[in-house]
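Visitor: Please take me through one part of this model at close range. I would like to follow a single strand and its surroundings, then the unusual backbone spots.

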Amino acid sequence: MSETIHDLVEPVRHLPFEPRQVPTTGTAICLSGGGYRAMLFHTGVLRRLCQTRWLQRADRISSVSGGSMTAAILALTWSKVTTSSDPDAAFVEQVEAPIRALAARTIDRSAVVSGLLSPFSSIGEEVEGELRRHLLGTATLADLPAKPVFVFNATNTGSGKLVRFTQDGVADWRVGRNLDPTVRLSAAVAASAAFPPFLSPFRLAMDEAAWVDDNGNHLDPRKYRDEFALTDGGVYDNLGLETAWKRCRTVFVSDAGGLLSPEPDPASDWARHMVRITQVLDHQVRSLRKLQVVQSLKDGRRDGAYVGIRSHNLPAPTGYPYARGVS
């Protein structure tokens, strides 16, 4: 009975074949969605973690949406930052400067226009091209460091589950693992940040020869393995917790999610009203997950910290809205 109660208050759900015990080791950093706002906010959080040497101890860095932009440039410059005699200065040069430069550009508007007008490319492909030109170049998943494990999360609209991009390839637990190492990092980030409706879906053709089966794969491979139709990772898990919480004892959660603003006169036409309803549903899910994270820290089921973009509105015993077991 106690395990069932704990499962109900966990911010993630375990798969039928996964162990349910609390991890005893490992450090993870989770970067939420939130577009450019998140990209910049996470840069500041990561820099502080670098200054306190917690960044260098990370075993896993999991990201969605805008957080994936920051995580991607950190992944490509990881060794330069962590082996420097002055990690803080290296972080500013290798991570913060490129992120600030990207923030000076508005890549989604031009991508939407180009994608709508071009008969040869989609909006998602245009976004990927912008990321490739201005941030990530020709890097592939194979260029990610072996440690920490960087996980870029997107949502598979076909299976309804999370898709994970790592150095080992692309995986969906209901579909299988594709071990193609040539998947571009820009594609992983574009998929993770394919915010609906305009940037979604991001269509990713899969290498048929690279598939392997795992426990739990039960969807027909003839129907689900040729191409993924992906949307923003935040649709499934806006805090990027799923692949980190189950594996690591110490979890730092950086949350730059937006605030649901009240509307005195909500639209009554079906399209805009449905958008508003979707926003309310999304806000409720995010709020519940945040509360579950903080409560798990308070209960001692995890060490780490939750820090949000509106942290000044909450008590901060050690500089975070809630922190446990870290200093």
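**A strand and its surroundings**

Guide: At 6% relative accessibility, S65 counts as buried, because the cut-off for buried is under 20%. This is a predicted model. S65 sits in the loop between β2 and α3, the helix of residues 66–76. Its phi is positive, about 50°, although S65 is not a glycine. In general, most residues other than glycine have a negative phi.

Now step back to the strand β1. It spans residues 27–31. Strand β1 is mostly covered, with 5 of its 5 residues buried. Take the two faces in turn. T27, I29 and L31 are on one side, and these are buried. A28 and C30 are on the other side, and they are buried too. Both faces of β1 are thus covered.

Next, the partners. β1 and β10 run parallel, joined by 5 bridges. Strand β10 covers residues 250–255. β1 also pairs with β2, residues 60–64, in the parallel sense. That pairing has 4 bridges. C30 shows both contacts. Opposite C30 in β10 stands V253. In β2, the bridge partner of C30 is S62.

The link from β1 to β2 brings in a helix. Helix α2 holds residues 35–51. Together, β1, α2 and β2 make a right-handed β-α-β unit.

The loop between α2 and β2 contains R53. R53 is not a glycine, yet its phi is positive, near 70°. Is R53 buried or partly exposed? R53 is partly exposed, because its relative accessible area of 43% falls between the cut-offs of 20% and 50%. S65, in the loop after β2, is buried at 6%.

A further backbone spot concerns a peptide bond. The bond from K147 to P148 is cis, with omega near 0°. In general, most peptide bonds are trans. P148 is placed in the loop between α7 (123–136) and β3 (149–156).

Last, the surface. M274, I277 and L281 form a nonpolar patch there. Together they have about 270 Å² of accessible area. M274 belongs to helix α12, residues 270–298. M274 is partly exposed, with a relative accessible area of 43%. M274 can therefore count towards a patch, since patch residues need over 30% relative accessible area.

Technical notes:
Residues are numbered from 1 along each chain as its sequence is written. This is a predicted model: local features need pLDDT of at least 70, side-chain atom pairs count only at pLDDT 80 or more; totals for chains, interfaces and linings use all residues. Side-chain values use heavy atoms; hydrogens and water are left out. Patches are made of residues with over 30% relative accessible area and no salt bridge: like charges are joined within 9 Å, nonpolar side chains (Val, Leu, Ile, Met, Phe, Trp, Tyr) within 5 Å. Accessible areas come from the Shrake-Rupley method with a 1.4 Å probe; for residues, only the protein chains shown count as cover. A salt bridge is a side-chain nitrogen of Lys or Arg within 4 Å of a carboxyl oxygen of Asp or Glu. Helices (H or I, at least four residues) and strands (E, at least two) are DSSP runs, numbered from the N terminus. Buried means under 20% relative accessible area, exposed over 50%, partly exposed in between (1.4 Å probe, protein chains only). Two strands pair if DSSP finds at least two bridges between them. A crossover is right-handed if, with the strands pointing away from the viewer, the path from the first strand over the helix to the second runs clockwise.
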